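Q: I would like to go through this model with you, starting from single residues and moving on to the elements around them.

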Amino acid sequence: MAATGQDGDDVDHYEVLCLPSGEEGAALSVEQIEKAYRTQSRLRHPDKRPDDPNATADFQSLASSYKFLRDESLRRQFDARLRGRREAAARAAATGVKRRKAVSDLEERERAFAAGGGQYVDPDELARREDKRKAADIDRELNELKARKNSRISGSASTSAHGDKKGGSTENGVKTDKGKYLKVSWEGGADYYTAAKLEEIFKQFGKVEDIVIKTKKSRNRGSAIVVMASKEAAKTALKNHSVYNVFPVPLMVAPVEESGPAFATPPCEPPRAINIDGTGFVGMEASVFRKLQEAHKRKQCG
């Protein structure tokens, strides 16, 4: 408890008496200061600390600070000095925040400049471009998927490209219910997520019918289609964005909008048991095509 440099500016006389400093200290009454001094002098008297070599110096600093605070004029000057220190510290902190913000803004502008090919591009504009790029990726993959399914269907499509508004299709067609489909992508290693690992993540939102890992075109980026058992489960998964940010490699999850084309299916056959628990995953076109056919069979034969 010894206070060094008692006459220096670095001594807080309130703290020496174990009293609150700052505005609280300035509001203390003389009686409160006297009570604190009496309490501390009993506790810190050298006779009670015979083994402490600093006990005498500490007790002297206690008495000196008490005498200092008893002097009204000296105390007012001391309170003003403490207030000036606090204000200076607050200004320095505010300046530090502004400086860090300026540095952050400068770095953001430099990244935008580099991403724009040497021309400054507003960060918001970069974000909009990235959203458009992701939407274009989804549309392209859906179109590829439809083309693959059409090429594998025996016979020509005999239904209209537009079903009724309630989601129906013509007699021999089946409409893809894309409200249950989720587009999942990630960066940081294409092989980081397996179908089993994705199923473990998404089954907390509802039953998972299937997960199809897209054929890898990049070692750094990966993507997959997650088919939930219901639209409600898919909506729940879309609402819980915070869940996907806790992983070392964050996930980006987007809906796959429903569209109207219908695809021809073979005649009615008894439904076969299928594995919808996430094991035995196959290529994207075969998996989705199989589910479309079997769902339509169950609907026709049920």
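A: Ser 41 is buried, its relative accessible area being 15%; buried means under 20% relative accessible area, exposed over 50%, and partly exposed in between, with a 1.4 Å probe and protein chains only as cover. The model is a predicted one, in which local features need pLDDT of at least 70 and side-chain atom pairs count only at pLDDT 80 or more, while totals for chains, interfaces and linings use all residues. Residues are numbered from 1 along each chain as its sequence is written, and side-chain values use heavy atoms, with hydrogens and water left out.

Q: Which residues does Ser 41 touch?
A: Not counting residues up to four places away in sequence, Ser 41 touches Phe 59 and Leu 62. Contact here means heavy atoms within 4.5 Å.

Q: And in which helix is Ser 41 found?
A: Ser 41 is found in helix H3, where helices are DSSP runs of H or I with at least four residues, strands are runs of E with at least two, and both are numbered from the N terminus.

Q: Which residues of H3 are buried?
A: They are Ile 33, Ala 36, Tyr 37, Gln 40 and Ser 41. Seen down the axis of H3, these buried residues fall within an arc of 130 degrees, so they line one face of the helix. The arc is taken from the directions that run from the helix axis to the C-beta atoms.

Q: Is there a general reason for such a pattern?
A: An α-helix has 3.6 residues a turn, so residues three or four places apart point the same way.

Q: What is exposed on the other side of H3?
A: Glu 31, Lys 35, Arg 42 and Leu 43 are exposed there.

Q: How far apart are the end C-alpha atoms of H3?
A: They are 20 Å apart, which agrees with the 20 Å that the 14 residues of H3 (30–43) should span at 1.5 Å a residue. The expected span is 1.5 Å times one less than the number of residues.

Q: Let us change topic. What is the strand order of the open sheet?
A: The sheet has 4 strands in the order S3-S4-S2-S5, with antiparallel pairing; two strands pair if DSSP finds at least two bridges between them. Its edge strands are S3 (208–213) and S5 (251–255), each of which pairs on one side only. From one strand to the next the twist averages 25 degrees.

Q: Which helix packs on the sheet?
A: Helix H7 (residues 195–202) packs on the sheet and touches S2, S3, S4 (221–228) and S5; its direction makes about 140 degrees with that of S3. Axes are lines fitted to C-alpha atoms, for helices over the stretch in contact, and angles run from 0 to 180 degrees between N-to-C directions.

Q: How many bridges join S2 to S4?
A: There are 7 bridges between S2 and S4, which run antiparallel, and one of the partnerships is that of Leu 182 with Val 226 in S4. Strand S2 (residues 181–187) is joined to S5 by 5 bridges, again antiparallel. Towards S5, Val 184 stands opposite Val 253 and Ser 185 stands opposite Met 252.

Q: Is S2 mostly covered or mostly open?
A: S2 is mostly covered, since 6 of its 7 residues are buried.

Q: What about Ser 223 in S4, buried or exposed?
A: Ser 223, which lies in S4, counts as buried at 11% relative accessibility. Leaving aside neighbours within four places in sequence, its contacts include Glu 141, Lys 183, Trp 186 and Ile 213.

Q: And Ala 254 in S5: which residues does it contact?
A: With neighbours within four places set aside, Ala 254 is in contact with Ile 138, Leu 182, Lys 183 and Leu 238. The C-alpha atoms of Ala 254 and Leu 182 are separated by 5.9 Å, although the two residues are 72 residues apart along the chain. Ala 254 counts as partly exposed, at 23% relative accessibility.

Q: One more residue: what is the phi of Cys 18?
A: Cys 18 has a positive phi of about 60 degrees although it is not a glycine. Most residues other than glycine have a negative phi. Cys 18 is found in the loop between helix H1 (13–16) and helix H2 (22–26).
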